[in-house]
Amino acid sequence: MSSITDTDMTASTDTRARSTTMNTWGLSWRGLRTVVDLELRQRMRSKRWLVALAVWFSVIGAMTTLVLVATASMSRYSGDTEATAGPMAFGLITLFVLGAGLVIAPAFTATSINGDRNQGTLATLQATPLSTVEIVAGKLVAAWAVAAVFLVAALPFIVWSMLLGGISVVQVLICFAVMFALIAVVCAVGLGFSAMFDRSASSTVMTYVVVASLSVLTLIVPALATVLVTVDNTTVRVYGLPPEAEWEYQQAIDDWYMADQDLDHSWENGAPAGFPAPPVQKCSWHEVTTQVTHTDRVWWMVLPNPFVVVSDAAPLPSSTKADPYYVDLGHYAAVSGDPLAGIRATVREAAIGPETERDDCIWLYTYLGYNVSQEYSGTTITLTAPDGSRPDYVSPVEPRVVTTGTPVWPWGLGANLLLGAFFFWVAVHRLKIPYKRLRKGTRVA
Amino acid sequence: MAGSGAQPGVDAQPGISVRGVRRCFGSVRAVDGMTFTAPAGAVTALVGPNGSGKTTLLLMLAGLLQPDEGEVTVADLDVLRDNERARTAVGWMPDVFGTWDSLTCTEILTTFARAYGMSASAARARARDLLDQMHLTELAGRPARVLSRGQRQRLGLARALVHDPQVLLLDEPASGMDPRSRIELRDTLRSLAEKGKTILVSSHILSELEEVYNHAVFVSRGRTVDAEIVQPVAAERGWRLEATDPVALRVFLDRADIPYTQTSGSSEVIVQLSGWDSAVQLVKAAVTADVPLHTIAPVAGRLEEAYLALNEERV
């Protein structure tokens, strides 16, 4: 090669890189539709997918039946209204559909590109003016559409759970919208791996590894990490009986028990007669050294978990709006058994972290026959005396309330979408023609 | 149809131009310096043993593979700088045409017509025409997986032709085709060449190219082999002679002092002649000598002889 040719080569490399990029990322509606049509025809014609859909339908159906029977009998025992049986059934079915969706989604894309390559159908398509993005996006859209059909097939069972009451259409729509997005992410991951690996077994395994990491590792890792953020000898300020007063009061209680052998005291209306009155006037601030777990430092690791994303995005049943007590998510979750709210409350509570101040004093009032209730909309806890009057007690500690404010799911969904976008980019990058490098063992056609 | 051998630059319109192209896969040099032009309006044969880099070269011409070095243009478009337009100008038929199992022949063709930007109705019309041309109309509605290998090759050719490309790249197009299809393939290629298309056919089944090619490019071990080196060697070739009276023929040859070899178990003999003129002279002499000669034909095709004359080992 002469030196003149060498300079020619460098000059052309620049223009070549530019035009190749434009060509790679071009996206037209017609091109996209051509690929989507091709992919859908190819997939829908095979009998296998109908069989899979039938199996899917019956599995979800069986699961729904179990859940509904279980929740119905549970609410019968607990005497709860059906308004809570509905959210419980809906939550369980939604989580199950999401889990099953995450399991089947890789099947739609994890062998899409390397499968076509091995069949010899990819290169002829690449040789057409279709851009790489059109081919990859077409495959993604088609796979996603098929996966969406599976999700939609679960809708009748969701409607069934809605019959139990307490579930609004908005809730169903939002849950499904988020699930569609998450399934699209898994499809993109599979597509990326199918472009990276030549063997379909490798790409399938890797896709499942990612799905498992998202759904399981994001829970295990922060759970184990709590060990690292558990701190001994942390000082917590407590408003309550000072240690010596506490000790004296305990002595008094012990003495009372010793003197009185009748253990059948009714605690229904506060402390039984003769029970030592707590010296609430002695309540004051003092410091206690204790072990504290800083969950607020590790909680964010669960954010990308698909189940957390859906649970956090799911609106609360409309019945909760009427009840002021339900402003506290944790309270609602505990009472209703709604698994979506339960996951949501757990995550958000972990995000708040350990308490640095505590009011132990207020609970002593129950021994005096007072009714302690938190005014969740505000920051005060009110006491109600047995006669209905309200003493002027203001707790110096703000109650910890987990509310539905400041949703966390946008972060989780965002992280997932970034992951999907990355794998989409990988797929496009790997299929960019003309190929500069080919990995070992990769065939073009 | 008489081939004059590859003569780069002689014809006016270069349909395909390959200059100093190299391409490695790891340590394997698949294409190691190829230079040739294939003129428009002609069929150019790409001849070489297995593993000589034919398929790799076609991948570069189809715009799928980037050469490490050198320049590749099709229909005056640089395959790298003008990749998309070059791809549109080319119809590429790979050696193995994979098909979508559950798509019908019509659907495969319409899909590709759509990919090349045709409207839905134009795509359907084009698919119908091509299926008719390739005698696949009866199979139009059948899934492609039921096609035989030869039918599949015809569908592959139809697919490569779907957008009426200026340049046609065919990789072993006739493998698996029955004799009738091969003849039709030749006719198709000829008529396309007459319309001014550039056609590059790679094959190692030389007999199928013999009657259709105008130019030949020989490749061996990733390199184009100079046609001039090949031509002179190819001048001397074996001819097969046969007469109704084999004894008279042998006597005639003995008298004329022409060395011959007799093939076992048949009445034909093989003589070595250099050039057409020698053949003409032999025929004249035989007729004058009243030998009942009924067949005189070259033993092997020109391509085959040239190919064998390359005298390079298979890789």
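**Exercise 1. A strand and its partners**

Find which residue of strand β8 of chain B stands opposite B:V43, and describe how β8(B) is paired and covered.

*Solution.* Step 1: in this predicted model, the residue that stands opposite B:V43 is B:I199 in β8(B). Step 2: to set this pair in its context, look at strand β3 of chain B, residues 42–47, which pairs with β8(B) in the parallel sense over six bridges. Step 3: β8(B) also pairs with strand β7 of chain B, residues 167–171, again in the parallel sense, and here the pairing runs over five bridges. One of the residues involved is B:L169, whose bridge partner in β8(B) is B:L200. Step 4: now consider the covering of β8(B), which spans residues 198–203 and has six of its six residues buried. B:T198, B:L200 and B:S202 point one way from the strand, while B:I199, B:V201 and B:S203 point the other way, and all are buried.

**Exercise 2. A sheet with two edges**

Give the order of the strands in the open sheet of four strands in chain B, and state which strands are at its edges.

*Solution.* Step 1: the order of this open sheet is β2-β1-β4-β5 of chain B, and its pairing is antiparallel. Step 2: the edge strands are β2, residues 28–39, and β5, residues 77–78, since each of them pairs on one side only. Step 3: within the sheet, strand β1 (residues 14–25) and strand β4 (residues 69–74) of chain B run antiparallel and are joined by five bridges. As an example of such a partnership, B:I16 has B:V74 in β4(B) as its bridge partner.

**Exercise 3. An enclosed helix and the other chain**

Work out whether helix α3 of chain B is enclosed or open, and describe how it packs against α2 of chain A.

*Solution.* Step 1: helix α3 of chain B covers residues 105–115, and because 11 of its 11 residues are buried, the helix is largely enclosed by the rest of the structure. Among these buried residues are B:I108, B:L109 and B:F112, and also B:E107 and B:R114. Step 2: ask next what covers them; the cover includes α2 and α6 of chain A, together with α4 (120–133) and α5 (149–160) of chain B. Step 3: α2(A) and α3(B) pack at an angle of about 160°, and their axes are 9 Å apart. Since angles over 145 degrees count as roughly antiparallel, α2(A) and α3(B) are therefore roughly antiparallel to each other. Their crossing is left-handed. Step 4: the residues that meet are A:T34, A:D37, A:L38 and A:R41 from α2(A), and B:E107, B:T111, B:R114 and B:A115 from α3(B). By class, this contact holds two nonpolar, two polar and four charged residues. Step 5: just after α3(B), B:G117 takes a positive phi of about 95°.

Step 6: for the wider setting, 32 residues of chain A are in contact with 32 residues of chain B. On the side of chain A that touches chain B, the elements giving two or more residues are α1 (3–25), α2 (29–45) and α6 (122–126). By class, that side has 12 nonpolar, 14 polar and six charged residues.

**Exercise 4. Two helices and a glycine in chain A**

Describe how helices α9 and α12 of chain A pack, and then find the surroundings of A:G412.

*Solution.* Step 1: α9 (residues 169–196) and α12 (residues 306–313) of chain A pack at an angle of about 155°, with 9 Å between their axes. This angle makes α9(A) roughly antiparallel to α12(A), and the crossing is right-handed. Step 2: from α9(A), the residues A:I174, A:C175, A:V178, A:M179 and A:L182 meet A:P306, A:V309, A:V310 and A:A313 of α12(A). The contact has nine nonpolar residues, with no polar and no charged ones. Step 3: turn now to A:G412, which is found in helix α16 of chain A, residues 409–431. A residue counts as buried if 20 or more other C-beta atoms lie within 10 Å of its own, and A:G412, with 28 other C-beta atoms within 10 Å, is therefore buried. Step 4: A:G412 and A:P306 are 106 residues apart along the chain, yet their C-alpha atoms are separated by 7.8 Å. Leaving aside its neighbours within four places in sequence, A:G412 is in contact with A:L303, A:P304, A:N305, A:V308 and A:V309.

Terms used. Residues are numbered from 1 along each chain as its sequence is written. Chains are lettered from A and ligands numbered from 1 in the order in which they are written. This is a predicted model: local features need pLDDT of at least 70, side-chain atom pairs count only at pLDDT 80 or more; totals for chains, interfaces and linings use all residues. Axes are lines fitted to C-alpha atoms, for helices over the stretch in contact, and angles run from 0 to 180 degrees between N-to-C directions. Angles under 35 degrees count as roughly parallel, over 145 as roughly antiparallel, 65 to 115 as roughly perpendicular and the rest as oblique. A crossing is left-handed if the near helix is turned anticlockwise from the far one by less than a right angle, and right-handed if clockwise. Two residues are in contact if their C-beta atoms, placed from the backbone, lie within 7 Å. Ala, Val, Leu, Ile, Met, Phe, Trp, Tyr, Cys and Pro count as nonpolar, Asp, Glu, Lys and Arg as charged, and the others, Gly among them, as polar. A residue is buried if 20 or more other C-beta atoms lie within 10 Å of its own, exposed if 12 or fewer, and partly exposed in between; C-beta atoms are placed from the backbone. Two strands pair if DSSP finds at least two bridges between them.
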